[in-house]
Amino acid sequence: MSDEIKAAEKAFLKSGRSRAMFQGIVRSGQPADAVERLTDGDVEGVVADYFAEHKATVDEEE
Amino acid sequence: MAKYGSHSFQITENGSPDVLTAIHVDSMSIPGNVSLTEDQSGAIFDSLIGLQSIQPVMQVTTRSIAVVLEKLGMIGGCLGALPLTVKTFEQFYEPKTSCGGTAGTNLSFTAASGLYYLGSLTASKGQEATLSFTCDLLSSDGSVAPVVMGAGVTLPTTINTDSFALGEPTIADLAFPESTQLTVNFNSSTTQKTPGWGSIFPVEVGMEKVRPEIRIENADLDLLKAAGVPLTAREALHAETTLPFRKKLNRGTFVADATQEHFSATASGLLYFDTIANASGNSEGSNTLVLKTAKEGSTAPVVFSFDEAYAG
């Protein structure tokens, strides 16, 4: 795991959420700047944007 | 009649494909939590019995602490089909070989809707730590049963059997070499379960609060002092408080300290005496300290870190 992702994971886990959720967000690439924003501490924003982008992707596919 | 024993517990996470993780368990159960309506007449015997509600829960205790904490987190979550969530919980039981009885088949009990949350993490000196968690099961529409049994199922073949022992804890920059047991009680509370209209199954429940509290049983009575824990309590910050968990080797002792497979927790809060001193007969004296945790800035009261070297 890169140092950048490790730092982002550390920041994410401080919210009390699961590591599995962090790994899923990073794997999905949604939002694209998730790792950078998580390192800056924007956990709530990244989680909200992930679900919004995922919903938009699903709606588009349907 | 067939006899059964526990086999494993499986967590399935939504994904493409789904991610299945089976863990070894110390115990697991599914209390039915059935409440009945009672005959309110004045007759000496009841003639009316009714089912008022059925609210089963899944309860599990395991030593595979790290993988459960990684999957479930600390703030609870919902079983279901949403991405990045846990899809189902399954308890697997296998028939035991017994003489004179009938042969059984592998059984599974599956829940696909519910609220899961942590119970407590208990670590006694010299023993493997255990973690308990619960899932309040729901009906997806008020009619579908919250838990379903499958017979003749295929049992998981890859089962996580990790276990961990707690290293010397440091709380508020104080080492506790004489601690005998440490328990993290997550004190997860939920909202009242809401039944569906005309239903006996709950359809909704939410997380209310998670208020972790760390309790340390200690044999060192020489702590009630300014340099230890004053009567007026002592603040503990994340940077000053570490609970290191050392991974054990199956069929061995411990995974090498430098190998990044261990995990740790930090916590923040107020450390105070619950019992200042206690002794009876010829047994050793003890005290009990409690770290009542709270958020430190935007950081959760207890934070776990995984895949670490052991520095205890």
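Q: Is Ser113(B) buried or exposed?
A: This is a predicted model, so start with where the residue sits: Ser113(B) is in the loop between β9 (107-111) and β10 (114-124) of chain B. Its relative accessible area is 18%. The cut-off for buried is under 20%, so with 18% Ser113(B) counts as buried.

Q: Which residues does Ser113(B) touch, not counting residues up to four places away in sequence?
A: We're still at the loop between β9 and β10 of chain B. Once the sequence neighbours up to four places away are set aside, the residues touching Ser113(B) are Leu79(B), Asp136(B), Leu137(B), Leu138(B) and Ser140(B).

Q: How many strands does chain B have?
A: Chain B has 312 residues, and 46% of them count as buried. Its C-alpha trace spans about 65 × 55 × 45 Å along the principal axes. Next to one helix, the strand count is 28.

Q: What share of the contacts in chain B with a separation of 6 or more comes from residues 24 or more positions apart?
A: Take Phe9(B) as an example: leaving aside neighbours within four places in sequence, its contacts include Phe89(B) and Phe133(B). For chain B overall, residues 24 or more positions apart make up a share of 72%.

Q: Which helix gives the largest share of the largest nonpolar core?
A: That core has 57 residues, and among those with the most contacts inside it are Phe9(B), Leu121(B) and Phe304(B). Six of the core's residues come from one element, residues 65-72 of chain B, and that's the largest share. The helix is α1 of chain B.

Q: Which residue of chain B is included in the second, separate core, along with Phe12(A), Ile25(A) and Tyr50(A)?
A: This core has 13 residues. One of its members, Ile25(A), is also among the buried residues of helix α2 (residues 19-28) of chain A. The chain B residue named with them is Leu84(B).

Q: Which elements of chain B help cover the buried residues of α2(A)?
A: The buried residues of this helix include Arg19(A), Met21(A) and Phe22(A). Chain A's part of the cover includes α1 (3-13), α3 (34-39) and α4 (43-61). From chain B, the cover includes β1 (3-13), α1 and β28 (302-308).

Q: What ipTM does the predictor give the complex?
A: For chain B, the pLDDT averages 94, and 100% of the residues score at least 70. For the complex, the predictor gives a pTM of 0.94 and an ipTM of 0.88.

Terms used
Residues are numbered from 1 along each chain as its sequence is written. Chains are lettered from A and ligands numbered from 1 in the order in which they are written. This is a predicted model: local features need pLDDT of at least 70, side-chain atom pairs count only at pLDDT 80 or more; totals for chains, interfaces and linings use all residues. Side-chain values use heavy atoms; hydrogens and water are left out. Helices (H or I, at least four residues) and strands (E, at least two) are DSSP runs, numbered from the N terminus. Buried means under 20% relative accessible area, exposed over 50%, partly exposed in between (1.4 Å probe, protein chains only). Contact means heavy atoms within 4.5 Å. A nonpolar core is a set of buried Ala, Val, Leu, Ile, Met, Phe, Trp, Tyr and Cys residues joined through side-chain atoms within 4.5 Å. pLDDT is the predictor's confidence in each residue, from 0 to 100.
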